[in-house]
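This report describes selected features of a protein chain, taking its strands and helices in turn. Please consult the sequence and the structure shown below.

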Amino acid sequence: MRWALVKVSLAVTAMVVVAFAVPLGLVIREMARDRAFSNAEREAAAVAPALSITTEREQLERVVASAGSDAGMAVHIPASGQENGGTDIGRQRATDEDIAAVREMGRASTTEVTGGSTLLQPVALSSGEIAVVEVYVPESEVTNGVGTAWAVLAAVGAALIVGSVAVADRLGIRMVQPAQRLVEGAHELGEGKLGARVPEEGPNELRLAAVAFNSMADQVVQLLANERELAADLSHRLRTPLTVLRLNAASLGDGPAADQTRAAVEQLEREVDTIIRTARDAKPQTAAAGPGAGCDAAEVVRERMGFWSALAEDEGRKWRVAGADRPVRIPVARADLAASLDALLGNVFRHTAEGTAFAVDLHNGEEAVIVLVSDAGPGIPDPAAAMARGRGSGNDGSTGLGLDIVRRLAESTGGDVRIGSSVLGGTEVRIWIQLDGRTAPARQRGHRGAVRRRRQGRAPTPTQAVRAGRDH
């Protein structure tokens with residue numbers, strides 16, 4: 001569209017320039033010619049009074065010389081007006097036939113000669129005869145100033161064309177750029193970048209199109225958010241009861257019915273895992289939470305621990321919550337944090353024996369919030385392999401969804417997830433949630449050092465002991 005506007009502007013301006021410049025150039029040429037012949041007529045008129053008085057050669061030569069045109073003027077007096085025949089003063093350039101024709105017609109005439117033109121002006125003598133004054137007009141005088149005028153016209157025309165092209169280009173950019181941004185936004189939205197939006201600027205039609213696109217993108221985000229909520233609700237509604245069923249089935253003892261029940265529960269778990277994994281793979285990346293979005297991590301921790309505490313009491317597990325006694329705001333959606341905690345706590349119940357203790361610690365810092373989920377189980381022999389599986393590969397009996405949910409939650413804020421050994425003797429999963437989206441190496445190093453000191457058995461300070469909370 002941009003180049004089309006430039007081409008149209010170039011064509012229209014060029015036609016306008018040609019339509020005006022060519023006739024104007026011809027008019028200038030005619031004006032120069034008229035000026036040159038007007039000067040020649042004035043020179044011829046300066047000699048006419050002398051011819052009406054005398055036809056003496058010497059006097060006429062002085063008159064022609066005083067006119068300053070003795071090199072370009074000639075006077076032709078007929079023979080009947082002289083005792084000794086006709087008189088010719090100056091250099092004759094016109095032919096005798098042209099001179100005779102002017103005498104016969106009695107009016108001025110011009111004729112082409114070598115190097116220019118001549119003006120033949122008839123003058124009546126006192127004897128009644130007709131003398132002819134010939135004034136030579138060179139070609140250089142006829143075209144004097146024409147070249148300069150044409151150059152000026154060409155420069156003005158070129159400037160008009162360049163100016164019109166520049167204006168058309170700017171107008172084209174003003175129209176094309178909003179359209180290009182709309183196309184780019186559509187491509188980004190199609191690729192799953194739900195944060196893509198288009199600036200609402202440009203011509204009115206494109207501005208309305210941008211408004212409609214942004215409204216559509218908001219609706220798509222809302223629909224996918226609803227779908228994500230449904231998937232999270234499916235995870236809470238199905239995985240947790242399945243965990244309870246699996247644990248109850250494990251207590252049925254031996255026998256064909258018990259084995260069939262356990263096999264059915266495992267089959268049901270695999271089917272649910274397949275459904276969840278498929279939903280996760282099909283779900284596009286959503287935009288990060290905007291300013292002001294988030295939840296109270298302490299409230300979510302208390303809620304989810306209240307949910308899992310009933311099952312923990314049935315299995316004789318000791319559990320502890322620390323740091324959740326005061327509000328802790330984090331830039332994470334409530335459903336995301338709840339799904340992450342459920343995934344980690346569900347792993348504790350699935351992969352540790354009954355009676356194994358676990359704990360959830362919440363540390364609130366100036367730049368980051370740390371959530372520690374630890375247990376007293378056997379631990380994870382290869383944390384790197386577990387994190388790799390958490391990136392979506394999965395294996396039999398595991399969707400890879402648990403750690404993947406946790407990892408994506410942390411990375412959405414600029415944080416990370418680490419697996420290590422806990423002070424309880426088993427596994428510790430540390431979720432680092434960045435508050436401002438920037439890395440905080442100093443605080444990370446400080447926290448990791450504190451964790452190492454705890455693992456080495458150093459006694460906590462009184463402040464740490466108070467923040468440790470109560471045991472349940």
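How many residues lie between β3 and β4 in the hairpin they form, and which residue in the turn has a positive phi? The model under discussion is a predicted one. Two residues separate β3 from β4, and Gly115 in the turn has a positive phi of about 85°. The strands themselves, β3 (residues 109-113) and β4 (residues 116-124), are paired in the antiparallel sense over five bridges. Opposite Gly116 of β4 stands Val113.

The helical part of the model includes the following elements.

| Element | Residues | Further value |
|---|---|---|
| Helix α1 | residues 2-53 | contains Val16 |
| Helix α5 | residues 146-190 | end C-alpha atoms 64 Å apart |

Helix α5 has 45 residues and, at 1.5 Å a residue, should span 66 Å; the 64 Å between its end C-alpha atoms therefore agrees with that expectation. After α5 comes Gly192, which has a positive phi near 100°.

An unreviewed UniProt entry annotates residues 149-168 as "transmembrane region". In the model, this span is 100% helix and 0% strand, and its end C-alpha atoms are 28 Å apart.

A nonpolar patch on the surface is formed by Val8, Val12, Met15, Val16 and Phe20, which together have about 510 Å² of accessible area. Of these residues, Val16 is placed in helix α1. Val16 counts as partly exposed because its relative accessibility, 42%, falls between the limits of 20% for buried and 50% for exposed. In an α-helix there are 3.6 residues a turn, so residues three or four places apart point the same way.

Conventions. Residues numbered from 1 in each chain as written. Predicted model: local features only at pLDDT ≥ 70, side-chain atom pairs only at ≥ 80, totals over all residues. Heavy atoms only, no water. Helix = DSSP H or I, 4+ residues; strand = E, 2+ residues; numbered from the N terminus. Expected span 1.5 Å × (residues − 1). Patch = residues over 30% accessible without salt bridge, like charges linked within 9 Å, V, L, I, M, F, W, Y side chains within 5 Å. Areas by Shrake-Rupley, 256 points an atom, 1.4 Å probe, with all protein chains shown as cover. Salt bridge = Lys/Arg side-chain N within 4 Å of Asp/Glu carboxyl O. Buried < 20%, exposed > 50% of the residue type's maximum accessible area, 1.4 Å probe, protein only. UniProt positions renumbered as here; feature names shortened; annotations may be inferred. Pairing = 2+ DSSP bridges.
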